[in-house]
Amino acid sequence: MENSPAEPPAIDVSSLRVVRGGKEILPDLSLAVPRGAVVGLLGPSGAGKSTLIRAIVGAQIIAGGTVTVLGHEAGSPPIRARVGYVTQAPSIYLDLTVRENVAYFASLVGAAADTVPHTINAVGLADQTDQLAGTLSGGQLTRASLAAALVGHPEVLILDEPTVGLDPAIRNDLWALFRRFAEAGTTIVVSSHVMDEAVRCDRLVFIRDGRVLADGTLAEILAETGAEDAERAFLTLAGRSAA
Ligand SMILES: Nc1ncnc2c1ncn2[C@@H]1O[C@H](COP(=O)(O)OP(=O)(O)OP(=O)(O)O)[C@@H](O)[C@H]1O
């Protein structure tokens with residue numbers, strides 16, 4: 001899962017500075033995401049997770065630093081079809097069916113038509129193929145948005161709080177799905193404010209007040225803090241940084 005020295009990280013953020021509404025949201029943030037890893041971006045509400053994600057997908061004006069994805073500037077034309085992004089809000093058309101939505105996003109990235117049913121099956125929505133997206137349940141809607149993002153087989157998949165508000169069984173199914181895509185080589189960044197999702201990730205980035213508190217495996221972070229779980233480790237690190 002770790003990079004070989006010859007292989008650059010999938011995502012490389014260096015000294016990123018972001019100002020929004022006149023406020024410095026990310027003062028000086030650096031991190032690297034290895035290829036093929038599932039990386040959890042964990043932190044409380046308002047920590048700056050969505051802002052960082054926006055910078056990674058090239059949707060955020062940055063005031064300083066660099067964000068490189070697959071060796072190219074974030075959001076630049078050579079990588080647009082290679083990076084999938086699922087926002088917190090439903091990112092598909094509610095007045096189209098699941099199939100119509102996924103077919104539309106397939107056409108945008110030039111994916112073959114036969115990838116549409118395959119992707120819908122992969123996210124477990126075969127029975128909802130002809131259902132209007134606006135009539136799906138919350139978990140189904142998240143999976144439909146995922147299908148739209150996945151249909152072009154992105155090498156990097158960025159998911160902003162995909163499991164928020166979903167019941168434990170659906171969260172479990174979604175994590176199994178992320179794992180399958182990672183095993184097929186996709187690099188996945190998942191943001192969450194639910195610390196118990198840490199155990200699902202290969203690596204974790206703890207973020208608070210726009211700063212990285214920790215970047216490593218859960219085992220490394222627990223060893224470093226002496227904490228029993230991710231939540232206590234986070235609190236320990238937050239306490240240290242405030243001291
Ligand atoms: N346009 C804006 N103007 C001013 N402040 C903003 C703007 N957008 C975001 N912020 C602030 O930036 C901070 C980080 O917001 P961000 O959405 O990145 O956090 P988050 O970690 O994703 O939170 P959540 O888990 O609640 O989605 C928050 O304090 C938010 O109020």
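**Figure 1. The surroundings of Gly 43 in a predicted model.** Leaving out residues up to four places away in sequence, Gly 43 touches Lys 49, His 193, Phe 206, Ile 207 and Arg 208. You'll find Gly 43 in the loop that links β3 (38-42) to α1. Is this glycine buried or exposed? Gly 43 counts as buried, because 25 C-beta neighbours sit inside 10 Å and 20 or more is enough for that label. For a sense of scale, take Ile 53: Gly 43 is 10 residues from Ile 53 in sequence, and their C-alpha atoms are 13 Å apart in space. As for confidence, the protein has an average pLDDT of 91, and 98% of the residues score at least 70. The scores for the model are ipTM 0.95 and pTM 0.90.

**Figure 2. Strand β8 and its two parallel partners.** Strand β8 covers residues 187-192, and 6 of its 6 residues are buried, so the rest of the structure largely encloses it. Look at the two faces of β8: Thr 187, Val 189 and Ser 191 point one way, while Ile 188, Val 190 and Ser 192 point the other way, and all are buried. One partner is β3, which pairs with β8 in the parallel sense over 5 bridges. Here Leu 42 stands opposite Ser 192 of β8. The other partner is β7 (residues 156-160), joined to β8 by 5 bridges and again running parallel. In that pairing, Ile 158 has Val 189 of β8 as its bridge partner.

**Figure 3. An open sheet of 4 strands, with helix α1 lying across part of it.** Reading across the sheet, the order is β2-β1-β4-β5, and the pairing is antiparallel. Which strands form the edges? They are β2 (23-33) and β5 (72-73), each of which pairs on one side only. The link between β4 (residues 64-69) and β5 consists of 2 bridges, with the strands antiparallel. Zoom in there and you'll see Thr 68 with its bridge partner in β5, Glu 73. Helix α1 (residues 49-56) lies across β1 (11-20), β2 and β4, and runs at about 120 degrees to β1.

**Figure 4. Val 69 and the largest nonpolar core.** This core has 73 residues. Which of them touch the most other members? Those are Ile 56, Val 69, Val 102, Ala 147 and Ile 158. Helix α4 gives the most to the core, with 7 residues. Val 69 makes a handy place to start looking around: setting aside neighbours within four places in sequence, Val 69 is in contact with Ala 10, Ile 11, Ile 56, Ala 74, Ile 79, Val 83 and Val 156.

**Figure 5. Helix α2 and what it packs against.** Helix α2 runs through residues 98-109, which makes 12 residues. From first C-alpha to last, α2 reaches 17 Å, close to the expected 16 Å. Its buried residues are Val 98, Asn 101, Val 102, Ala 103, Phe 105 and Ala 106. When you look at that spacing, remember that an α-helix has 3.6 residues a turn, so residues three or four places apart point the same way. The buried residues of α2 pack against α3 (115-122) and α4 (138-150). Just past the end of α2 comes Gly 110, with a positive phi of about 70 degrees.

**Figure 6. Thr 115 in helix α3.** Thr 115 touches Ala 106 and Val 151, if you don't count residues up to four places away in sequence. Thr 115 is partly exposed, because 18 other C-beta atoms lie within 10 Å. Pro 77 is 38 residues away from Thr 115 along the chain, and 23 Å separates their C-alpha atoms.

**Figure 7. Positive phi at His 153 and Asp 209.** Most residues other than glycine have a negative phi. His 153 nevertheless has a positive phi, near 50 degrees. His 153 lies in the loop between α4 and β7, and is partly exposed because 17 other C-beta atoms lie within 10 Å. Asp 209 isn't a glycine either, yet its phi is positive at about 50 degrees. The loop that holds Asp 209 runs between β9 (203-208) and β10 (211-216). With 16 other C-beta atoms within 10 Å, Asp 209 is partly exposed.

Note on methods:
Residues numbered from 1 in each chain as written. Predicted model: local features only at pLDDT ≥ 70, side-chain atom pairs only at ≥ 80, totals over all residues. Expected span 1.5 Å × (residues − 1). Buried ≥ 20, exposed ≤ 12 C-beta atoms within 10 Å, placed from the backbone. Contact = placed C-beta atoms within 7 Å. Pairing = 2+ DSSP bridges. Axes fitted to C-alpha atoms, helices over the stretch in contact; angles between N-to-C directions. Core = buried A, V, L, I, M, F, W, Y, C linked by C-beta atoms within 7 Å. pLDDT = per-residue confidence, 0-100.
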